[in-house]
4 protein chains.
Amino acid sequence: MSTEATEATEATETAAAVAPQGPHGYSSHKADHLKRLRRIEGQARGLQRMVEEDVYCIDILTQVSASTKALQSFALALLEEHIKHCVAAAVEEGGPTMDEKVAEAMAAISRLLRT
Amino acid sequence: MSTEATEATEATETAAAVAPQGPHGYSSHKADHLKRLRRIEGQARGLQRMVEEDVYCIDILTQVSASTKALQSFALALLEEHIKHCVAAAVEEGGPTMDEKVAEAMAAISRLLRT
Amino acid sequence: MSTEATEATEATETAAAVAPQGPHGYSSHKADHLKRLRRIEGQARGLQRMVEEDVYCIDILTQVSASTKALQSFALALLEEHIKHCVAAAVEEGGPTMDEKVAEAMAAISRLLRT
Amino acid sequence: MSTEATEATEATETAAAVAPQGPHGYSSHKADHLKRLRRIEGQARGLQRMVEEDVYCIDILTQVSASTKALQSFALALLEEHIKHCVAAAVEEGGPTMDEKVAEAMAAISRLLRT
């Protein structure tokens, strides 16, 4: 495995240990999500080509904005399914479970806003 | 070439036609930039694995925030070199060239802020 | 009424016509919200003083970042209560009402992200 | 002086001690800046009225997004003048002064991006 992918993989392993087991709310749209992410991977490769070919800085920055927007759209799609499924299930259970799930979703939204 | 990379490539070609010819201000840090971008590409692959393995949504969102932050750091590094070299050169020339370059940089910063 | 407040007032009137009647989820923390907002209003007045007194641009920008962060914290607090109350109530009702409420919350989150 | 304005005032005083004395690049557009900021102050007051009148949460969030956008537009206008004047003057001086001024501007842009 390439070194640059290590961080994400470690996150995966930690997550597997502490988080609810899948399938999750987003699983029914897996194909769509993977398509979006392959596109984002392609944009990251496109950025490398632009740097290698000495493309004008401002044009590279435009492409960075497009990639950031694509990542945010993916995050919003995932979050919508999370609220519809995981948060909705916690709401039906009520009590502390609901409060925890909503607080967890809010922390994720806050991290998205702060980047 | 994979379809998902087409958009970035087209942007490259357009840029080559209208933008100043390289090497540009960022060229002296090419190796650093390429390393950052390979890491971002690795994160995009890591996200695909997370979706395939039904990792918990919130953990995927945390990884998306990390990728967005990495893209923004790359953009800020590029922008700093752009201001130090291209904008500084335009400032020395003065007049409309300077105003155009500064307006162009501001439009790029505005696009980064709005994503 | 001062002219600069007109836009917000019009939004209020439109909202009153189409949106669910209050009190809403956030109503129980009204005093906290009003305290935060008075502080943000004070920051906006502080920014005017800084401009009038020719304070250094970078120090004004630092204060703008603080005000933006304060607005986002207020928005996150409001959104959390909205999800716990309005969205939770819609989840219990289920069906199209839930989907509409979640879509409406996602659109609000998206607007916050895009600014 | 009202308590909520204290923070901004302290920032002003610190700035006066360490930052270059005005007038600065933005001084020639003072009237425009003050008009924008009075509008933002009016929006903050409009938000208080919305909370007091139990307006629907989503409509308040829409108004928060508008205020955040207005603050960012003000920041971009100020930054543009800063680059055209203070950074341009530092570029003409060259050497460490230029590097410091560019680094300072980049830190301000980074703070705007992270909020």
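Trainee: Which residue follows helix 3 of chain C, and what is the sign of its phi?

Mentor: Gly94(C) follows that helix, and its phi is positive, near 75 degrees. The model is predicted, so local features need pLDDT of at least 70 and side-chain atom pairs count only at pLDDT 80 or more, while totals for chains, interfaces and linings use all residues. Residues are numbered from 1 along each chain as its sequence is written, chains are lettered from A and ligands numbered from 1 in the order in which they are written, and side-chain values use heavy atoms, with hydrogens and water left out.

Trainee: What makes residues 57-93 of chain C a helix, and where is the kink in helix 3 of chain C?

Mentor: A helix is a DSSP run of H or I with at least four residues, numbered from the N terminus; helix 3 of chain C has 37 residues. Its kink of about 35 degrees is centred on His82(C), the bend being the angle between axes fitted to the seven residues ending there and the seven starting there.

Trainee: Why are helix 3 and helix 4 of chain B called roughly antiparallel?

Mentor: Their axes cross at roughly 165 degrees and come within 7 Å. Angles over 145 degrees count as roughly antiparallel, and the two helices are therefore described in that way.

Trainee: How do you know which residues meet, among them Leu79(B) and Ala105(B)?

Mentor: Contact means heavy atoms within 4.5 Å, and Leu79(B) in helix 3 of chain B is among the residues that meet helix 4 of chain B, where Ala105(B) is one of the partners.

Key
Axes are lines fitted to C-alpha atoms, for helices over the stretch in contact, and angles run from 0 to 180 degrees between N-to-C directions. Angles under 35 degrees count as roughly parallel, over 145 as roughly antiparallel, 65 to 115 as roughly perpendicular and the rest as oblique. The expected span of a helix is 1.5 Å times one less than its number of residues.
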